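Work through these exercises with the sequence and the model side by side. Try each task before you read its solution.

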Amino acid sequence: MIINADLHIHSRFSSATSEKMNIQNLALVAPLKGIDILATGDCLHSGWLQEIKRCKNIDEGTFEFEGTRFILNTELEAQKRVHHLLYFPSISTIEDFKERIKHKSKNLETDGRPNIDMSGEELAQIAKDLDILIGPAHAFTPYTAMYAYFNSLTECYGSLSEYISFVELGLSADTYFADKIKELHRLTFLTNSDCHSPHPARIAREFNRFQVNDATYVEIKKAILRIKGNKPVLNVGIPPQEGKYHESACRSCYTHYTLEEAQRRRWKCSCGKRIKKGVKDRINEQSEFAEPEHPEHRPLYIHLIPLTEIITKAIGQANPFTQTVNRRWSELVSHFGTEIKILLEIDYDEIAKFTAPAIAEAIHAFRERKIIVHPGGGGQYGKIELPSDDKIIEIKMGPNDTQTSLTDY
Ligand SMILES: [Zn+2]
Ligand SMILES: [Zn+2]
C-alpha cells in the first residue's frame, strides 16, 4: 500500500508551539490534508507520552486516534546546538533511552525538544544500541543543524556515521539541491513539516510518500532503510525558495546578498547587522556536483504550496489564518476529500464549478507552475504571488520536476 507521512511535528509541550497541538486536533486535520500517519514529536516528554498512550495501540510502536496513526519520535538538540531526529520502536525503548541520557539534560521533562549535552556520535551509539533510527534534522539550516557546524556526516556522527540512514532536508532545500552532495546519495531523504501548529497551512506542508505493507512503525522503518520492497516513492515539499533561510540575507533588515557579495562584506549587512548564510549557498559550497546527480533509489520530489496559502492570495487575505480562508479551505476539503486531491488530482472544471472563480484560477495557476515565489532569507519566509497578465514568470524548479499527478506514485 501507499501512505503519506509527515514525520516531524511538535506538541504543545515544545517551546513556541500552539496550545492547539494535541492528538485530537492533529487527527482532525491530518486526514483532510491527505496524511495517513504522523510522527508524534516530543515523545521524551512525559505529558505528551501520556496523551499518546491513550490512543489505540496498533502494535508496540504504532498508535491510532480516529483513523490517524502515529509513530514515536522526537527531535532533540545536542552539542553545538545540532538538531537530530529519532524514531523509536516502542515505549519501553523511549524509557531505556531516557535512562541513558537523563544525566545530560536539564530540560527533559520541561521542553518537548530537550537539550542533551552529548555529541552526535554519543547519541548515535545509544540509538544503535537500542535500535532507534537517528539522523540530522533540517540538515542545511544556518542555525541548529548539521551542516551549520560540520562539513560532513562523519564530522557530526564520527565512527557511527554509517549507522545514519536518513537526512531531513528542511523547508529551504529539496532533492535537487541535496543531491549535489555526494555523501548524501546513500541516504533516504525525509521531507517533513516541522510544524508547531495543527493549522492546515503548517501541518504536512512537506511530507513523504512510502510504499509499505501497513501504516506502522516497522513498515516505515523498512521504507526508510529501503528493504524488503518497502521504500520512499515520493518527496513533497514547498518550493525551497519559500523557506525562510533559502538565500543569504540580513537577519535584521532581510536584504538579500549573493555569496560573493556577502563574503566581500564579511557577512556584515549595510545596516550593520549580520548576514546569515542561506541554504542555497551552503549547499553549493558543500557540493561535489554543479548539477544534482540522483542515485537510482531517489524518488521524485514535487513542490506543493499549501492550499490555504493559495486561497489567501486568491481572495486577497492578509494571511492564511483568517476565518475566511479557513471557511473556504473547509468547504473545499469537505467536498473533494483531501487537500492533495484538490491541488493535483481533481478535474479543474469540477473545482471551477464548486468554488469562487478567483480560487479556481489560483489553483490553476499553481498547477501550471505560474505562481511567483520571492525567495526567503535571513529568517523571513519567501512570499508567493499570483501571476498578473503583464508578469508571468515560472517558478524555477529542479530539472526532473514535472508537476505530475500524485496518483502516478
Ligand atoms: Zn529543529
Ligand atoms: Zn541588514
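**Exercise 1. Find out why Cys 195 forms no disulfide.**

Step 1. Recall the cut-off: a disulfide is a pair of cysteine sulfur atoms within 2.5 Å.
Step 2. Find the closest cysteine sulfur to that of Cys 195; it belongs to Cys 43.
Step 3. Read the distance. The two sulfurs are 16 Å apart, too far for a bond.
Step 4. Widen the search. The whole structure holds zero disulfides.

Before going on, note the ground rules. This is a predicted model, where local features need pLDDT of at least 70, side-chain atom pairs count only at pLDDT 80 or more, and totals for chains, interfaces and linings use all residues. Residues are numbered from 1 along each chain as its sequence is written, chains are lettered from A and ligands numbered from 1 in the order in which they are written, and side-chain values use heavy atoms, with hydrogens and water left out.

**Exercise 2. Classify Cys 195 and Cys 253 by accessibility.**

Step 1. Set the classes: buried is under 20% relative accessible area, exposed is over 50%, and partly exposed lies in between (1.4 Å probe, protein chains only).
Step 2. Cys 195 has 0% relative accessibility, so Cys 195 is buried.
Step 3. Cys 253 has 37%, so Cys 253 is partly exposed.

**Exercise 3. Describe the aromatic pairs, including Phe 13 with Trp 48.**

Step 1. Apply the rule: rings of Phe, Tyr and Trp (its six-membered ring) pair if their centres lie within 6.5 Å; planes under 30 degrees apart are stacked, over 60 edge-to-face, the rest tilted.
Step 2. Count the pairs in the whole structure: seven.
Step 3. Take Phe 13 and Trp 48. Their ring centres are 6.3 Å apart and their planes meet at 55°, so this pair is tilted.
Step 4. Check burial. Phe 13 is partly exposed at 23%, whereas Trp 48 is buried at 0%.
Step 5. Take Phe 88 and Phe 97. The centres are 5.5 Å apart with 75° between the planes, an edge-to-face pair. Phe 88 is buried at 0%, and Phe 97 is buried at 0%.

**Exercise 4. Which residues coordinate the zinc ion (ligand 1)?**

Step 1. Use the donor rule: N, O and S atoms within 2.8 Å of the metal (3.2 Å for Na, K and Ca); water is not among the atoms, so sites may look incomplete.
Step 2. List the donors: Glu 75 (OE), His 83 (ND1) and His 138 (NE2), at 2.0 to 2.2 Å.
Step 3. Write their spacing in sequence: E-x7-H-x54-H.
Step 4. Check burial. Glu 75 is buried at 1%, and His 83 is buried at 3%.
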